[in-house]
Amino acid sequence: MKPVKVGVLGLGTVGGGVVNVLTRNAKEISRRAGRKILVTHASARNLTQERICDTQGIELTTNSLDIINDPEIDIILELIGGTTLAKNLILQAIENGKHIVTANKALIALHGNEIFAKASEKGVMVLFEAAVAGGIPIIKAIREGLSGNQIEWLAGIINGTGNFILTEMRDKGRDFSEVLAEAQVLGYAEADPTFDVEGIDAGHKLAILASLAFGIPLQFEKVFTEGISNISRADVEYAEELGYRIKHLGIARKTEQGIELRVHPTLIPERRLIANVDGVMNAVLVQGDAVGPTLYYGAGAGAEPTASAVISDVVDVVRVLTGDPEHRVPHLAFQEDAISDIPVLTSEQIQTAYYLRLTAEDKPGVLAEVTRILSNHNISIEALIQKEPLEGKTVVPVIMLTQTTLEKEMNAAIIEIEALSTITGSISRIRLETLG
Ligand code: NDP
Ligand code: HSE
């Protein structure tokens with residue numbers, strides 16, 4: 001059979017990794033796909049730049065439309081990133097009847113509904129395994145492996161850069177900005193690294209996972225996001241004393257009221273496997289009603305782990321290239337006419353437990369006032385520790401763990417506690433999940 005011709009848009013970390021792995025493993029991959037897969041064309045901004053891959057035999061261009069408009073090319077890999085150019089190129093390629101594989105989570109989270117609708121209309125596939133959790137086949141697992149389950153919740157470390165920074169800071173006491181710079185050199189970070197550290201990238205990925213898990217449209221704009229830049233060394237140390245680790249988690253949970261979609265630093269009991277996922281590694285815990293908890297672990301970023309995911313999509317496309325479009329796995333796991341409109345909850349409707357750290361005057365009655373305010377808001381305290389006064393000071397750090405409560409009540413209680421004359425500065429609040 002004729003080889004399948006692939007055009008690669010973008011030859012950076014991921015594009016370069018894909019060319020390398022497709023070349024190195026060509027034989028094994030074609031044994032799986034049933035046909036040879038050839039990268040015949042590729043685009044980049046600067047054709048004279050040194051590449052991580054060998055581009056010999058590949059026709060290079062700075063104009064991606066040359067590739068998209070070439071009738072000989074069967075599959076387009078969009079590995080440029082961003083949401084404007086990438087969207088236009090993908091829509092044009094779909095219009096031209098090409099199948100698409102992309103690693104672009106921002107694009108799928110923001111414009112996936114429109115892209116999938118157009119792809120279905122044109123009978124082409126748009127696959128995006130690399131968009132979530134790098135090399136972990138989490139999309140295939142949820143879309144296909146767990147299709148017999150009602151998914152109750154999922155929680156994941158889904159940004160490699162953020163987890164790398166938190167791990168290096170905790171284990172080696174390294175500085176935030178120094179570790180971020182290293183993540184950029186290693187090719188882990190987004191073009192705009194605030195996407196990694198402020199939870200936007202994880203929010204994009206969570207919107208995708210939630211859509212696949214619950215059969216809802218992609219709704220990135222409803223994801224609550226909080227970044228890691230405010231996590232202090234003190235919080236990391238107190239959390240460890242209490243038997244917890246702080247991880248930047250994406251959490252999607254179906255409740256009777258609607259769906260929680262949130263990304264924020266989270267205390268997790270240190271005995272949980274996911275609490276021990278370090279460095280650039282990612283992990284996603286998915287709770288299905290039939291299977292129970294399942295955990296998926298692997299490299300969350302980097303050239304070849306991401307290439308592994310991209311190529312698995314290419315193989316899937318090749319395997320069904322000539323099949324009937326109606327018998328393909330739906331883009332978002334559920335049949336298009338069965339997508340549900342379950343509401344996504346606001347951040348005030350979230351229910352979770354909390355870690356609170358406050359600085360209080362070291363005198364009688366102060367803690368009683370704090371606990372009275374919490375109790376007025378129906379917040380029960382699980383643990384309370386008063387530390388020694390800081391050297392030369394008359395104030396003490398107080399650490400509290402609460403039971404699960406409504407975020408709205410916690411917001412109101414924090415405002416009242418911070419207003420007390422006996423409390424100094426602002427309260428450090430980190431959400432806590434037992435993931436049991
Ligand atoms: P890079 O910045 O390393 O690569 C981007 C590539 O796109 C470069 O080769 C660049 O060309 C090319 N490019 C940019 N603008 C144009 C243009 N106008 N026309 C043609 N080519 C263009 O990014 P990554 O490889 O890291 O990321 C690519 C995508 O993969 C993003 O969507 C990212 O979110 C996603 N992703 C990245 C992962 C990672 O670990 N890095 C993991 C999972 C997903 P030039 O080289 O000449 O500048
Ligand atoms: N910047 C992303 C991360 C790349 O660090 O997780 C993988 O999606």
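Reader: In which sense do strand S5 and S6 pair, and over how many bridges?
Author: Happy to start there, with the reminder that this is a predicted model. Two strands count as paired if DSSP finds at least two bridges between them. Strand S5, residues 99–102, and S6 meet that, and they pair in the parallel sense over two bridges.

Reader: Which residue in S6 does Val-101 stand opposite?
Author: Val-101 falls within strand S5, which covers residues 99–102. Its partner across in S6 is Leu-127.

Reader: Which are the edge strands of the open sheet of six strands?
Author: The order of the sheet is S3-S2-S1-S4-S5-S6, with parallel pairing. An edge strand here pairs on one side only. That description fits strand S3 (59–61) and strand S6 (126–127).

Reader: At about what angle does helix H4 run to S5?
Author: Helix H4 is made of residues 85–95. It lies across strand S1 (4–9), strand S4 (75–78), S5 and S6. Relative to S5, helix H4 runs at about 155°.

Reader: Now the ligand: which residue has a polar side-chain atom 2.7 Å from a nitrogen atom of ligand 2?
Author: The residues surrounding ligand 2 include Asn-159, Asp-196 and Lys-205. For Asn-159 the polar side-chain atom lies 3.4 Å from an oxygen atom of the ligand, and for Lys-205 a side-chain N or O atom is 2.8 Å from a ligand oxygen. The contact to a nitrogen atom at 2.7 Å belongs to Asp-196.

Reader: And how much of the accessible area of ligand 2 does the protein cover?
Author: On its own, ligand 2 has 250 Å² of accessible area. Of this, the protein covers 94%.

Note on methods
Residues numbered from 1 in each chain as written. Chains lettered and ligands numbered in written order. Predicted model: local features only at pLDDT ≥ 70, side-chain atom pairs only at ≥ 80, totals over all residues. Heavy atoms only, no water. Helix = DSSP H or I, 4+ residues; strand = E, 2+ residues; numbered from the N terminus. Contact = heavy atoms within 4.5 Å. Axes fitted to C-alpha atoms, helices over the stretch in contact; angles between N-to-C directions. Near = heavy atom within 4 Å. Polar contact = N/O pair within 3.5 Å; in protein donor to acceptor, adjacent residues only side chain to side chain. Areas by Shrake-Rupley, 256 points an atom, 1.4 Å probe, with all protein chains shown as cover.
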